[in-house]
Structures are given as structure tokens and as C-alpha cells.
Amino acid sequence: MAVRLDPEEAESRVIHELIDFGGRDVLEIGCGDGRLTWRYAHEAASVLAIDPKESEVAAARESTPDSLKSIVSFQVADITSIELPESAYDLVITSWSL
């Protein structure tokens, strides 16, 4: 049996209580397989989700719903070495990334 993360939807609920993603450009650091990405991406204007692990990014890309392919972009990258345009994002989020 597969393990279901956040079965009570507590994490999703809190994220939406604390953050307004509506129409915002979001940078997600440490996206992994997209576990968190799919909980908010439908509200964002755009999402760049990065993770240093190729296998995780590949899994996230494979599970991207067609309805979000024009909004969400996944990239293999490390936040300490990626070059990002200044002031390109309204929000930066991370979860389970230290």
C-alpha cells in the first residue's frame, strides 16, 4: 500500500491560510517530486520549482497535470548556485528542505 502524505489535508489547509498564491509568480526551493507544488500551483501565475535531485525532478515532470504544464516549470538546480533574475518572484516557498 502506498503511503499517503497529509491524509487529513492539514498541510494544504495551513498553506492556503497563510499564503495567497493568487496570480503570483512562485519560486519553490526543494520541490522534490512535486508533493507541495500540486497543492497551490493552480492558483499561481507561474511556478519555477527546483530541486538538486534529477530523479525527483523527473518524477515531478511526469506527474504534471496537463492543465498546469503552461504554469509550472521544474528544473534540476541547487539554490546556492542557480542564477535567477532579480525580483522575478513574488513568493519563495520551501518545505522539507534544509
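**Exercise 1. Classify Trp 38 and its ring partner by burial in this predicted model.**

Step 1. Trp 38 has 24% relative accessibility, so Trp 38 counts as partly exposed. The buried class ends under 20% and the exposed class starts over 50%.

Step 2. Phe 74 is at 6% relative accessibility and therefore counts as buried.

**Exercise 2. Find the aromatic pairs and assign their geometry.**

Step 1. There are two aromatic pairs in the structure.

Step 2. Take Phe 21 and Tyr 40. Their ring centres lie 4.5 Å apart with planes at 20°, so this pair is stacked. It joins distant parts of the chain, 19 residues apart: Phe 21 sits in the loop between helix 1 (10–18) and strand 1, Tyr 40 in the loop between strand 1 and strand 2. Both Phe 21 and Tyr 40 are buried.

Step 3. Take Trp 38 and Phe 74. The centres are 5.5 Å apart and the planes meet at 65°, an edge-to-face pair. Trp 38 belongs to the loop between strand 1 and strand 2, Phe 74 to strand 3, 36 residues apart.

**Exercise 3. Trace the surroundings of Thr 37.**

Step 1. Locate Thr 37: the loop between strand 1 (25–29) and strand 2.

Step 2. Its relative accessibility is 0%, so Thr 37 is buried.

Step 3. List contacts beyond four places in sequence. Thr 37 meets Glu 28, Cys 31, Val 47, Ala 49, Val 72 and Phe 74.

Step 4. Turn to Val 72. With the same sequence exclusion, Val 72 touches Thr 37, Trp 38, Ala 41 and Val 47.

Technical notes:
Residues are numbered from 1 along each chain as its sequence is written. This is a predicted model: local features need pLDDT of at least 70, side-chain atom pairs count only at pLDDT 80 or more; totals for chains, interfaces and linings use all residues. Side-chain values use heavy atoms; hydrogens and water are left out. Contact means heavy atoms within 4.5 Å. Helices (H or I, at least four residues) and strands (E, at least two) are DSSP runs, numbered from the N terminus. Buried means under 20% relative accessible area, exposed over 50%, partly exposed in between (1.4 Å probe, protein chains only). Rings of Phe, Tyr and Trp (its six-membered ring) pair if their centres lie within 6.5 Å; planes under 30 degrees apart count as stacked, over 60 as edge-to-face and the rest as tilted.
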